[in-house]
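Trainee: I'd like to go through this one by asking how each label is earned. Let's take the terms one by one and hold them against the values.

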Amino acid sequence: MAVTALKDYQFEPADRVENFHGNQLLYIGWEDHLLFCAPFAFPFPPAMRFGDVVEQVLPAAFGYHPDFAKIDWATAQWFKSGQPWTPDFDKSLADNGLGHKDVIRFRTPGLTGIKGSCT
Amino acid sequence: MSNVFLALQANEETRAIIEAITEDNPHAVVHPSPAMVKIDAEGSLTVRRETIEALIGRSFDLQELHINLISLSGHIDETDDELTLHWNA
Amino acid sequence: MDMNVPKKKLSLKEKYSHMTRGLDWEPSYQSKDDVYPYAKYEGIKIHDWDKWEDPFRLTMDAYWKYQAEKERKLYAIIDAYAQNNGHLSVTDARYINTVKLFLTGVSPLEYMAHRGFAHVGRQLPGAGPRVACLMQSIDEIRHAQTQVHSLSNYNKYYNGLHDFRHMHDRVWYLSVPKSFFDDAITAGPFEFMVAIGFSFEYVLTNLLFVPFVSGAAYNGDMGAMTFGFSAQSDEARHMTLGLEVIKFMLEQDPDNLPIVQRWIDKWAWRGTRVLTLVAMMMDYMLPKRIMSWKEAWEVYFEENGGALFKDLARYGITMPKCIEDITKEKEHLSHQAWATFYNYGAAAAFHTWTPDEDEMNWLSEKYPDSFDKYYRPRLEYWRDEAAKGNRFYNKTLPMLCQVCQIPMLFTEPGDPTKICYREAQYKDDKYHFCSDHCKEIFEHEPEKYIQSWLPVHQIYQGNCFPEGTDPTAEGFDPLAAVLAYYHMNFGRDNLDFEGSEDQKNFDAWRGVATSND
Amino acid sequence: MQMDLRTVAIKPLRNTFDHVARRLGADKPASRYQEGTFDMQAAANFHYRPTWDPEHEIFDASRTAIKMADWYAFKDPRQFYYGTYTLARAKQQDTAEANFNFVETRGLAAMLNDEVKATSLKLLLPLRHVAWGGNLNNASMCAYGYGTAFTQPCIYHAMDHLGIAQYLTRVGLLLGSEEELDAAKDAWMTGDAWQGLRRYVEDSFVLKDPVELFVAQNVALDGLLYPLVYETIVDDVLSSEGGTAIALLTQFMTEWFGETRRWVDATLKTAAGESAENKALLEKWTTQWRDRAASALTPVAQIAVGGRADTVVAEQVEQFNTRLAKAGVTV
């Protein structure tokens, strides 16, 4: 469907990748850990190594949770747009097929939050 | 039939109005809450000028209701003598 | 000349008709389409504006008279409240945070309603609705101003209200109410009437005002109670206008039904999303609670809205589809919202806290199916960590919904442990949503929502730092720069209530005011 | 909880809102007019373009050719915010009510001579429609103007015009009946005397520039019509012929014009004082619309003053020019 307007109504998207100074957006959520109220949004260069995101960025974002230190990344399950997906930690975001505004989530089996409440 | 309602501020001016409404609408149920009074009535509710006038001892313009009205529901019919709220279904 | 023939007494309706539609005429020197250029493009068909039924028949002289009386009363109370340090009689200083949220989030919308109704009143070609809309326009500037004037006194003594207008256009959570109203006013005039006049005023405003205002009364805030009830006295007129507009459109042409139904569906959802803030205010921010969000929803939406939609069924209107999901959400909404502000308490212009034991017990009682199972463990963990000096402040920016702009905090309908993710592709980009309903709204008008000024993305684009900031400079602190752009004072306006300047001042002042020495 | 609070002196943390303090140049106590006006309109980060006007933002200063460095340079000399506005009007409506009552209960309407009565009805009743047009136009200025300092008085002015249209309707119903209202509408639609004026009003409806509209409606048309009809014709001509009752019934309009022209003049003065470009534009608009208004009003004046209409209108134009010169606009 198209918007109903009196005149031509076309605008550039406010969040086109060109506006992010060489970065692209990646959204990351941790399943079963709603102590973090919502998934996070990050600006990353597409050439960034996926492993660097996990090793260098996620600890600052999710490290407050006592489960975080217990994560075994080898068993973590990943989803991209809700579908099972396997990242290659040594490849870049782009080479992992991650584009601007992609959303990924991870599940850490056995870790279900504070008192098992998915917090 | 669904309920209509009228909510008024609770003060000296509305005391008589509420009394008049309950007099004219025996089916109405009055719920007081902090600083306000909500009056529910099944189907319809009528506010009558003459009943209010008899209680306050002066002439009353039904539009004076606006001063103390908080909320209402239902369709409105307004004449010089009556204000009626009602649902059609 | 027969001077003494008594004149025929005109009825209220006849007199009012002369005072409004009798003034209007069909232009002939300019075409009607040029005089009312926005009346047709939405596809709403109106054949006879004279069929419009005026809901309340208030002429200007009566309007001035009654409104002046309301104003006299209101300002007398505002003055007395200020002179007597009325702010010290509220239950406790946490209450004042509801007032901050109100002034930064709601009062600017009252102003938008003022301009919006001036615009729609100018554009609708019928005399009846024009007068009603313009009366609403002037009422709405009243509401904006009486709120500013009432709350001005709080601003003198408490933090976070000091730059509410500036904040409204910039701060991340305030983009939720702002984009809601921007969405309505940028729609055509008929959609605006459904969005604001009907969905918001008629269906949802009771949920905003009645609990907020009763809550204010319950918590000793006579100032807010008075402006609130005084504003509500105008709402009765606004609500009837909203209902009349719907009936009128539906009676004019059967082709209007699907358009109106889609608007009702859209705006019931948009409005409910905005009310998330009210839900959390009622359940978490009022020290003395009046009723739970869930109860308010049941009384004012399920019961009252139910009666309304039953009545509109004869036109073919059905209950908005989203209501089913909202009904599921009512158990969770306030808890998830408060958790979000607790997370981002360093970037909010009001204080947050964990409820005390009594309050948690109240929440358990009001939400027996959800609170203890899902939310108490979260709150208790935060409370215990804060007691150990490890208060949680989430410093990573959240993902937002493209339409309602709320962080993606909502869970799947029916599963409160799973965040609800929805996405769509439009042209070269992906877009993300908190729900099926926000996604559907986007897909109907993608050209509109790709323009959204999403605060998180704007920060990452570098658009939310004070002028002259160099984000590449060494030691650049993005949070500090964003708060500076918001005009938010770190350590005064934000962070936990415990230890805040508000808390200390209130205790000290109340001590002085209630002691005898 | 009812608490017994002693009145104690507590030093406030601040005296007013920061955006108000920035405009006052210091944190000092501000008036309710200032707190209810300054920066009340959103000015940044609009989310979507209007579907009815995609070339502009929701609020957009470029809808007018007038350029202001700061749209909050405008100040209503009456300092009206909603509360003071309604209180002022309530007082005036009280007087108006008393006047209508007086005329009605003393039978003053019946004592009017037929000629004065007929002239009054013929002259005043079609003006209901002109006031209705003023209502529409001021709603437009409020909706599409920029900045609350400029737009706020416009909504008050819009409602005032509606009130005036309703007072004129009451005059019609008091002196005549529904038939007179119908006859006046016919005159408005087809009578020769009114077509120039109706064309003027309808042409103003399609103006897109809110400040030009302000000039066409509030400066030029009302600036000539009100002194002509209510001061010259009603107060002088008709009163001298025994029509004092008419002056009583239209006292609201006379006072209203005296009050509101202060705002209109102040607005012009601020806009014209901003730059030579603004001044030139305002002078061009004012001249154009004044000339059209003057010629449209001449046949209307004839209804009451007959052959003297040209002279009477010319006098009004002269006074108008003097008034505008004081507001910094040379026409």
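Mentor: Fine, and we start with the word "contact", which means heavy atoms within 4.5 Å. Keep in mind that the model is predicted: local features need pLDDT of at least 70, side-chain atom pairs count only at pLDDT 80 or more, and totals for chains, interfaces and linings use all residues. Residues are numbered from 1 along each chain as its sequence is written, chains are lettered from A and ligands numbered from 1 in the order in which they are written, and side-chain values use heavy atoms, with hydrogens and water left out.

Trainee: So what does helix H13 of chain C lie across, and at what angle does it run to E1(B)?

Mentor: H13 (residues 293-312) lies across E1, E3 and E5 of chain B, at about 130 degrees to E1(B). Helices (H or I, at least four residues) and strands (E, at least two) are DSSP runs, numbered from the N terminus. The angle is taken between N-to-C directions, on a scale from 0 to 180 degrees, with axes fitted to C-alpha atoms, for helices over the stretch in contact. Helix H9 (residues 189-218) of chain C lies across E1 (3-9), E3 and E5 of chain B too, running at about 145 degrees to E5(B).

Trainee: What makes E2 and E5 of chain B edge strands?

Mentor: Each pairs on one side only. The sheet is open, with four strands in the order E2-E3-E1-E5 and antiparallel pairing; E2 (29-33) and E5 (69-73) are its edges. Direction ignored, neighbouring strands there are turned by 15 degrees against each other on average.

Trainee: How do you know that E2(B) and E3 of chain B pair?

Mentor: Two strands pair if DSSP finds at least two bridges between them, and here five bridges join E2(B) to E3 (residues 36-42), running antiparallel. Five clears the cut-off, so the two count as paired. Within that pairing, B:Ser33 stands opposite B:Met36 in E3(B).

Trainee: And what is the order of the strands in the open sheet of three?

Mentor: That one, also in chain B, reads E4-E7-E6 with antiparallel pairing; E4 (44-48) and E6 (75-78) are the edges. E4(B) and E7 (residues 82-86) share five bridges, and B:Arg48 has B:Glu82 as its bridge partner in E7(B).

Trainee: Why is the meeting of D:Arg32 and C:Asp79 called a salt bridge?

Mentor: The term needs a side-chain nitrogen of Lys or Arg within 4 Å of a carboxyl oxygen of Asp or Glu. D:Arg32 and C:Asp79 meet at 2.8 Å, N to O, so the pair qualifies. The rule finds three salt bridges across the interface of chains C and D, and 79 over all chains.

Trainee: What about A:Arg105 and A:Glu31, how far apart are their closest N and O atoms?

Mentor: They are 3.6 Å apart, so that pair is inside the limit as well. A:Arg105 is in strand E5 (residues 102-107) of chain A and A:Glu31 in the loop between E1 (24-30) and E2 (40-44) of that chain, 74 residues apart.

Trainee: Which pair of chains shares the most contacts?

Mentor: Chains C and D, of the four pairs in contact. There, 110 residues of chain C touch 96 residues of chain D. They bury about 9200 Å², 60% of it on carbon and sulfur atoms; buried area is the accessible area (1.4 Å probe) that two parts lose on being put together, summed over both. C:Trp25, C:Tyr29 and C:Trp64 supply 11% of what chain C buries there, more than any other three residues.

Trainee: How much do chain A and chain D bury between them?

Mentor: About 540 Å², 62% of it on carbon and sulfur atoms. Eight residues from chain A and seven from chain D take part. In chain A, A:Lys7, A:Tyr9 and A:Phe11 lose the most area, together 68% of that side's share. A:Lys7 also meets D:Glu55 in a salt bridge (3.3 Å, N to O), and the rule finds one across this interface.

Trainee: Which distance separates the closest C-alpha atoms of chain A and chain B?

Mentor: They lie 31 Å apart, and no contact joins those chains. Chain B and chain D do not touch either, with their nearest C-alpha atoms 12 Å apart.
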